[in-house]
Amino acid sequence: MNLIIMGAPGSGKGTQAAIICKTHNIPHISTGDLLRKNIADGTELGKKAKEFMDAGKLVPDDLVIALLKNRISEADCKNGFLLDGFPRTKAQADALAEIVDIDIALNLITDLNKLADRMASRRVCLKCGFTTSAQDAPDGICKACGDKLVIRDDDKREVVENRLKVYEANTAPLVEYYEQKGLLKAVDGMQSIEAVNAAIEAALK
């Protein structure tokens, strides 16, 4: 089963991706991870990608597609795979369709205002990595190690709202693309982790 998962920042997409991959014994393929691995391994494609990244440029679609083509030809993809973070545009979706058939595109539907509230209330301990919400730690102290909790820059309300607006604008054409192909499965992402996963499993049948 060849899957794509889409979801706004903070939607729980990473959590659901991990559960899906474990349940179905398929690899979780993130293009960001794929780029970093190829650069670290010093592959030819990795060297080309590094040139663009070092220059502060986006890695061209044809290069990312070439990396993906190599990755999905590996043995652990024989039962399928889950793509996370790609495609991001209609052009990328068209290029992907030329190298592999996608069976289902999962889209986690979330209330962006509630998502912004959730992300903006997130607090992190820089010392031990413990993460909680402002409501669960009103004293601002880490329950794990006793250090001070902070709000990360990318969790600040104005930053969060901008990230969500950019995501929505970029993803809308992609949602329509897979909907027109009859491959889109929408899932309510505002439920509990267990309920979201149950809805995903129902959509995959």
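**Figure 1. Gly56 follows helix 3 with a positive phi.** Gly56 sits just after helix 3, and its phi is about 75°. The structure shown in every figure is a predicted model. Helix 3 itself spans residues 44-54. Its buried residues are Leu45, Gly46 and Ala49. Seen down the axis of helix 3, these residues fall within an arc of 95°, so they line one face of the helix. Helix 2 and helix 4 (61-72) pack against the buried residues of helix 3. What does the face turned away from the buried side of helix 3 carry? That face carries the exposed residues Glu44, Glu51 and Asp54.

**Figure 2. Asn38 of helix 2 and its contacts.** Helix 2 runs over residues 31-41, and Asn38 lies in it. Is Asn38 buried or exposed? Its relative accessible area is 14%. Buried means under 20%, so Asn38 counts as buried. The side chain of Asn38 makes a polar contact of 2.9 Å with the side chain of Thr43. Leaving aside residues up to four places away in sequence, Asn38 touches Thr43, Gly46 and Leu67. Gly46 is also one of the buried residues of helix 3.

**Figure 3. Helix 1 and its buried side.** Helix 1 covers residues 13-24, which makes 12 residues. From first C-alpha to last, helix 1 reaches 16 Å. That is close to the 16 Å expected at 1.5 Å a residue. Which residues of helix 1 are buried? They are Lys13, Gln16, Ala17, Ile20 and Cys21. These residues cover an arc of only 130° around the axis, which puts them on the same side of helix 1. Several elements help to cover them. Strand 1 (2-7), strand 2 (28-30), strand 3 (81-84) and strand 4 (104-109) are among them. Helix 8 (193-204) is another part of this cover.

**Figure 4. Asn25, a residue with positive phi after helix 1.** Asn25 comes just after helix 1. It is found in the loop between helix 1 and strand 2. Most residues other than glycine have a negative phi. Asn25 is not glycine, yet its phi is positive, near 55°. How accessible is Asn25? Its relative accessible area is 55%. Exposed means over 50%, so Asn25 counts as exposed.

**Figure 5. A cis peptide bond leads into Pro87.** Most peptide bonds are trans. The bond from Phe86 to Pro87 is cis, and its omega is near 0°. Where is Pro87 placed? It is in the loop between strand 3 and helix 5 (90-97).

**Figure 6. Arg71 and Glu74 form a salt bridge.** Their closest N and O atoms are 3.2 Å apart. The two partners can be viewed in turn. Glu74 is partly exposed, with a relative accessible area of 41%. Arg71 has 14% relative accessibility and counts as buried. This pair belongs to a structure that holds 14 salt bridges.

**Figure 7. Arg157 and Glu161 meet within helix 7.** Helix 7 covers residues 157-180, and both partners lie in it. How many residues apart are Arg157 and Glu161? They are 4 residues apart, about one turn of the helix. Their side chains meet in a salt bridge of 2.8 Å, N to O. Arg157 is partly exposed, at 31% relative accessibility. Glu161 is partly exposed, at 31% relative accessibility. Elsewhere, salt bridges that share partners join Arg122, Arg152, Asp154 and Asp155 into one network.

**Figure 8. Arg152 and Asp155, two members of the network.** The side chains of Arg152 and Asp155 meet in a salt bridge, at 3.3 Å from N to O. Which partner is buried, and which is partly exposed? Asp155 has 0% relative accessibility and counts as buried. Arg152 has a relative accessible area of 35% and is partly exposed.

**Figure 9. Tyr177 and Tyr178 form an aromatic pair.** A search of the whole structure finds 1 aromatic pair. The ring centres of Tyr177 and Tyr178 are 4.9 Å apart, and the ring planes stand at 85°, so the pair is edge-to-face. The angle cut-off explains the label: planes over 60 degrees apart count as edge-to-face. Are the two residues buried or exposed? Both Tyr177 and Tyr178 are buried.

Conventions
Residues are numbered from 1 along each chain as its sequence is written. This is a predicted model: local features need pLDDT of at least 70, side-chain atom pairs count only at pLDDT 80 or more; totals for chains, interfaces and linings use all residues. Side-chain values use heavy atoms; hydrogens and water are left out. Rings of Phe, Tyr and Trp (its six-membered ring) pair if their centres lie within 6.5 Å; planes under 30 degrees apart count as stacked, over 60 as edge-to-face and the rest as tilted. Buried means under 20% relative accessible area, exposed over 50%, partly exposed in between (1.4 Å probe, protein chains only). Helices (H or I, at least four residues) and strands (E, at least two) are DSSP runs, numbered from the N terminus. The expected span of a helix is 1.5 Å times one less than its number of residues. The arc is that of the directions from the helix axis to the C-beta atoms. Contact means heavy atoms within 4.5 Å. A salt bridge is a side-chain nitrogen of Lys or Arg within 4 Å of a carboxyl oxygen of Asp or Glu. A polar contact is a pair of N or O atoms within 3.5 Å; within protein, one must be able to donate a hydrogen and the other to accept it, and residues adjacent in sequence count only if both atoms are side-chain atoms.
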